[in-house]
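Thank you all for making time this morning. I would like to walk you through one structure, going from its overall form to a few places where individual residues can be named.

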Amino acid sequence: MAEHWYKNAIIYCLDVKTFADGNGDGIGDFVGLRDKLDYLAGLNVDCVWLQPFYPSPMRDNGYDIVDYYNVDPRLGTLGDFVEFSRRARDRGMRVMIDLVVNHTSIDHPWFQSARRDASSPYRDYYVWSEDKPADAGEGMVFAGEQTTTWTWDREAKAYYFHRFYDHQAELNISSPLVRREIEKITGFWLQLGVTGFRIDALPFLIELKGLPSEGQQDPHDYLRELRQHVQTLCGDACLMAEANLPPEEVPNYFGDGDKIHMSFNFWLNQHLFLALARKDGRPVRQAWEQLPPLPRNCQWNNFLRSHDELDLGRLTDAERQEVFAAFGPEPDMQLYGRGIRRRLAPMLGNDRRRLELCHSLMLTLPGTPVLRYGDEIGMGDDLGLPDRESVRTPMQWSADDNGGFSQAPPERLALPPVGEGEFGYASVNVEAQRRDPQSLLNWLERMTRRRKETSEFGLGEFSWIETDKPELLAHRCDLDTSTVFAVHNFSPRRQKFSLPIGPGVNCVHDVLADHRHEVTEDGHYRCELEPYGYRWLRARRAG
């Protein structure tokens, strides 16, 4: 894979149905998305990651699929998808899609066939039991909404397994037929212009719960099989995993660099919010140091928020309560007792300093940054919507009706936009921020451009720098003969700091402010960071 394109890329995540409505029916579609590609190019996006857009009864935001080889007709046609992917490629952007093969909707023709006939070839696509397993009341993903992981099906006269909702029957990954089907699904979309897959719920996909243990192989070996398949069909195809892993399990998923390419760094993300709550950078560093090193061609995905709740399940009970108190103190802000269902800007009190700090850290820590649609303008949430819908409201393009998302009557919209208060679309929208040189949108455009120009952060060798100040995080990245530094202040107070630069450097260049600063004779740069301040610096060596 040429230069491992994903290691220095900017990925932008969006949901087609809430991004831009091209035909005025109230639901976002591929025509609307296609017409916004120039906007994404302006954000310096290298890869557009699409959440599920397949036909679905929409009981779980499209993650309950009934056809893997088509587009939900409300979002367009396969032709619309191909036209979108072609135009994205013309602008130098790759397309990554969700691969949701841990489960299907119970409305899927495979499951319908399997439940009707025990001799159906699709019976083995799912996991069945004639008797309800003793541990059926354990292991629910949505413990507040689920009471079991095994549900009786009257037609099949058996229990079927489901890690998630009872309308999402688990696929049997140990079946060669299922594995072959996944090969066909990935091959189909690669032929239509896709170059990457975000694998949904990967740890659950490869588990063998409910299956005979005799003769089982390590389920992680399947990742090597899937990797070889997609890269045989498309040499620069990339697998990005949703896997909320403790540090000790990380090597199982990356292997020797021959399994997944990237994984979301949930461990770091959760400890970042603990650091923000404490105004102390140490939880970030401690979390990072607990992670094992990755193979050279692999990468973490750094992110701030996603389409789900802010999951805090890896924190201790006491740590989780600290984050709740800081960013989700009200019961309706919390979900399942482990997460916060708010967007980034409201959680941080719409404090521009802290919004910049978080994005700066995401862009400079080793990994591939993943932006969530709307965060570039500081969109808010709607806690009046149920569960995770609160953070999935339509993109706010302008102060026009429905935030410029759609011309349809409000009752026909996929979801209502945030219309009132500090985060209402009259105040927070793309059009207004485009006109303001100091807006969050224009600031982030400049930052993503600088990030791509400062490839050491994505490709270089990373190391922490001792600061003797708990409020400060400092690190360096070395690539060939080039060195860059990043310093971040988690405190609401100014901090003075002497940054050790090393021998042979006579000055540092402030990458963001375009200033040159001298280095002392003992090889230090003395800087003062404003509250929640940050610096990106490049070493300039003599000669």
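Before I name any pairs, one term is needed: two strands are said to pair if DSSP finds at least two bridges between them. Please also keep in mind throughout that what you see is a predicted model.

Let me begin with strand β1, which covers residues 11-14, and with its two partners. On one hand, β1 is joined to strand β2, residues 47-50, by four bridges, and the two run parallel; within that pairing, I11 stands opposite C47 of β2. On the other hand, three bridges join β1 to strand β16, residues 368-372, again in a parallel arrangement, and here Y12 is the residue that stands opposite L371. As for the side chains, I11 and C13 point one way from β1 while Y12 and L14 point the other way, and all of them are buried.

If we follow the chain onward from β1, we come to the loop that leads to helix α1, residues 30-34, and K17 is placed in that loop. Is K17 buried or exposed? Its relative accessibility is 13%, and because buried means under 20%, K17 counts as buried. The side chain of K17 makes a polar contact of 2.7 Å with the side chain of N61. Once the neighbours within four places in sequence are left aside, K17 is in contact with I27, G28, M58, N61, L75, F405 and A414, so I would ask you to find those residues on the screen around the lysine.

Stepping back to the whole chain, the model has 16 helices and 24 strands. Along its principal axes, the C-alpha trace spans about 80 × 55 × 45 Å. For 543 residues, a compact globule would be expected to have a radius of gyration near 24 Å, and the chain has 24 Å, which agrees with that expectation. Of those 543 residues, 62% count as buried. The accessible surface comes to about 21,200 Å², and 46% of this belongs to carbon and sulfur atoms. Finally, if we take the contacts between residues at least 6 apart in sequence, 68% of them join residues that are at least 24 apart.

Now to a helix, α4, which runs over residues 109-116 and is largely enclosed by the rest of the structure, because six of its eight residues are buried. Which residues of α4 are the buried ones? They are W110, F111, Q112, S113, A114 and R115. What surrounds them is a mixed set of elements: the buried residues pack against the strands β4 (103-105), β5 (128-129), β6 (150-153), β7 (158-161) and β8 (168-170), and also against helix α5 (176-191).

Let me turn next to an open sheet of six strands, whose order is β17-β18-β19-β24-β21-β22 and whose pairing is antiparallel. Its edge strands, each of which pairs on one side only, are β17 (461-464) and β22 (515-518). From one strand to the next, the twist averages 25 degrees.

Walking across this sheet from β17, we find four bridges joining that strand to β18 in the antiparallel sense, with S463 standing opposite R476. Strand β18, residues 472-479, is mostly covered, since six of its eight residues are buried. Between β18 and β19 there are eight bridges, also antiparallel, and the bridge partner of D478 in β19 is T483. These two strands form a hairpin with two residues between them, and in that turn D480 has a positive phi of about 55 degrees. Continuing across, β19 (residues 482-489) pairs with β24 (residues 534-541) over five antiparallel bridges, and there H488 has Y534 as its bridge partner.

The last item is another open sheet, this one of three strands in the order β13-β15-β14, with antiparallel pairing. The edges here are β13 (310-311) and β14 (334-335), each pairing on one side only. Two antiparallel bridges join β14 to β15, residues 339-340, and G339 in β15 is the bridge partner of L335.

That is where I will stop, and I am happy to take questions.

Conventions
Residues are numbered from 1 along each chain as its sequence is written. This is a predicted model: local features need pLDDT of at least 70, side-chain atom pairs count only at pLDDT 80 or more; totals for chains, interfaces and linings use all residues. Side-chain values use heavy atoms; hydrogens and water are left out. Axes are lines fitted to C-alpha atoms, for helices over the stretch in contact, and angles run from 0 to 180 degrees between N-to-C directions. Buried means under 20% relative accessible area, exposed over 50%, partly exposed in between (1.4 Å probe, protein chains only). A polar contact is a pair of N or O atoms within 3.5 Å; within protein, one must be able to donate a hydrogen and the other to accept it, and residues adjacent in sequence count only if both atoms are side-chain atoms. Contact means heavy atoms within 4.5 Å. The radius of gyration is taken over C-alpha atoms; the globule rule is 2.2 Å times the number of residues to the power 0.38. Accessible areas come from the Shrake-Rupley method with a 1.4 Å probe; for residues, only the protein chains shown count as cover.
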